[in-house]
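Grab a pencil and work through a few short exercises on the structure below. Try each task before reading its solution.

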Amino acid sequence: MLGIGKIELNESNFTVENQYHKKAILSAAKSADLLNKPTSNIAFISQYKSVINGANQTLEAQAKDGLPDGVEIWDYKIAKWKKNEYITEAVKTGASGPVKDNPLLFLFLTFGLAIIGGLLYILPKFREHEGIKNNGIYHDSLTKGIKSPIRTVYLLGTIVGVLIFGFFKLQDIFWPLVTFLLGLLITYLVFFRENSKDHNPQRSASPDKSGILGIIAGTYMLVFYVLLYWAPAYIDNWVTMVSPVSEMLSGNGASRWFLYGMMYTCIVIVMGIRMMTKYQHNTYQKIRTLSVMFFQTAFAFLIPEILVRLNKPWFDFKNFWPLDYDFFYSYNIKELSSSGSLGLFMLIWGIIGIIIIIPLMTYFMGKRWYCSWVCGCGGLAETLGDPWRQLSDKSMRAWKYERYIIHGVLALAIIMTLFVLFHAFTGTSSILGLEVEGIKSWYGFFIGAGFSGVVGTGFYPLMGNRMWCRFGCPLAAYLGLVQKFKSKFRITTNGGQCISCGNCSTYCEMGIDVRAYAQKGQDIVRSSCVGCGVCSAVCPRGVLRLENGSDDISTRTDAMRTIHITEDQIFFNNVEEMV
Ligand code: SF4
Ligand code: SF4
């Protein structure tokens, strides 16, 4: 659908409000012969880009001769982000063609057929026998993963691509330098640490295989995210197609974020049903999957759109800082605090969530209450990502990097937010020589879009489904710290029953070597464990049990009706006996 239709720019559909910009762009478009001339989508975007650049050069030249009274330079010139906005807007208003004329037909041909096709494939699986169903997973071209060198090329290619783009996008000296150093560090880690003494050959579940369907799926998702974040003008047809649904819900036409939200929700629902067929022997999995489907549909998709219809701010009640990294940005605080009592409630809810709800719930239930039952990223990973959960890297090396990277991102999120708050309270735009705006756009670009979207989801078929949750999510890092140091959650193991089959380790999406704990009969208390329970669901011997027990193991034995044996005592139903 990307190239279907034509775009025509004329004075009547020209929506630029800034009078200086409007005049300069119209005049440049006239000289480039772009006005009143239907042009194909892709050609229009590239020509209109040059038109806006030309207009900007004219404005810059005029600004040198003096600005009109009361006009600031940043209002006179066309800012970089404004250029993208103008292009997307021109494509939207000037579009004509089959998608614009029949959005519902195209919605049916894409979303509709994909959903029907998915369900036709999935629903008959409810008739299959219950039990562990991971047969053939390493023989399927879609799920067997890719060879480690190809994986490295992909990862490096993607990261370097994002870095180079960031280098040119964030045009000042400091951030390109940070980007460059980051690029060097990643290159060093990927290429040179590879052969160091720390290298453990057990790096991925399938080091000697490559599945072409997995590579295609990963590439498709990478390209989708790149278009969504950085080239939205090209996907206008997709946005147009979902506009009728957006109008029905919020009363407004769709944006690319609506498209993303709708697609996300449909995928979580359809693949959630698949998840329930696969784990139909396990009640925990069924209820948990229903939970992520509900939270995605209601809290992340429907409620925010209905709020907009009621003239309230778009707000996702389950998305907390630091995952919601712009929560403390001044525009968000202003919008919420000026939206009456509901806006104020949203603001207070967000803060209470960070300070009270998250630590308290994590104390009682571990991070699973959020990562595996509520979160949208976790929901997508557990549903769409389930076929690739076995590809997570189980090596000690991956565990080590995981701790550095995820806590590094948490530290970055905290520093960035402190800068934002300092700027909001004092009005100082530069702190310790760093521009607050620069830090914000750097974080949004690399972490908010590059890591969580492009790498986080695009790498499902290449490196497993919890890439973002394991290595990048700052909220997971916060939850993990509470889980590790002060939580009742743990996975207990009945070591005597373990037959060392390794199912649990294989299907742990967070790369935890569960079998190693089971063999020793040791409780699993790991900050990264998202409590998905799949290790327990695939264990043929019932060795693993997810518990929210007492901190004290002796009291816990009573509550959980288990026996705990120490060197010289047995604790059973709170009775302590000497042996
Ligand atoms: S240890 Fe088990 S419950 Fe925890 S993340 Fe791994 S598979 Fe899920
Ligand atoms: S705990 Fe269960 S799944 Fe894991 S190795 Fe032992 S028997 Fe296999």
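**Exercise 1: Around Asp386**

Task: find what Asp386 touches, leaving out residues up to four places away in sequence.

Solution. Start with contacts (heavy atoms within 4.5 Å): Asp386 touches Arg274, Met275, Lys278, Tyr279, Ala381 and Asn465. Next, place Asp386: it's in the loop between α16 (376–383) and α17 (396–426). Then check burial (buried means under 20% relative accessible area, with a 1.4 Å probe and protein chains only): Asp386 is buried, at 0%. Finally, its side chain makes a polar contact with the side chain of Arg389 at 2.8 Å. Such a contact pairs N or O atoms within 3.5 Å, and within protein one must be able to donate a hydrogen and the other to accept it; residues adjacent in sequence count only if both atoms are side-chain atoms.

A quick note: this is a predicted model, where local features need pLDDT of at least 70 and side-chain atom pairs pLDDT 80 or more, while totals for chains, interfaces and linings use all residues. Residues are numbered from 1 along each chain as written, chains are lettered from A and ligands numbered from 1 in written order, and side-chain values use heavy atoms, without hydrogens or water.

**Exercise 2: Following α14**

Task: where does α14 (residues 340–365) bend?

Solution. Go to Gly353, where the helix bends by about 55°; that's the angle between axes fitted to the seven residues ending there and the seven starting there. Gly353 is also among the buried residues of α14, as are Met346 and Ile357. Those buried residues pack against α12 (283–309), α13 (330–337), α15 (368–371) and α21 (474–485).

Terms used
Helix = DSSP H or I, 4+ residues; strand = E, 2+ residues; numbered from the N terminus. Buried < 20%, exposed > 50% of the residue type's maximum accessible area, 1.4 Å probe, protein only.
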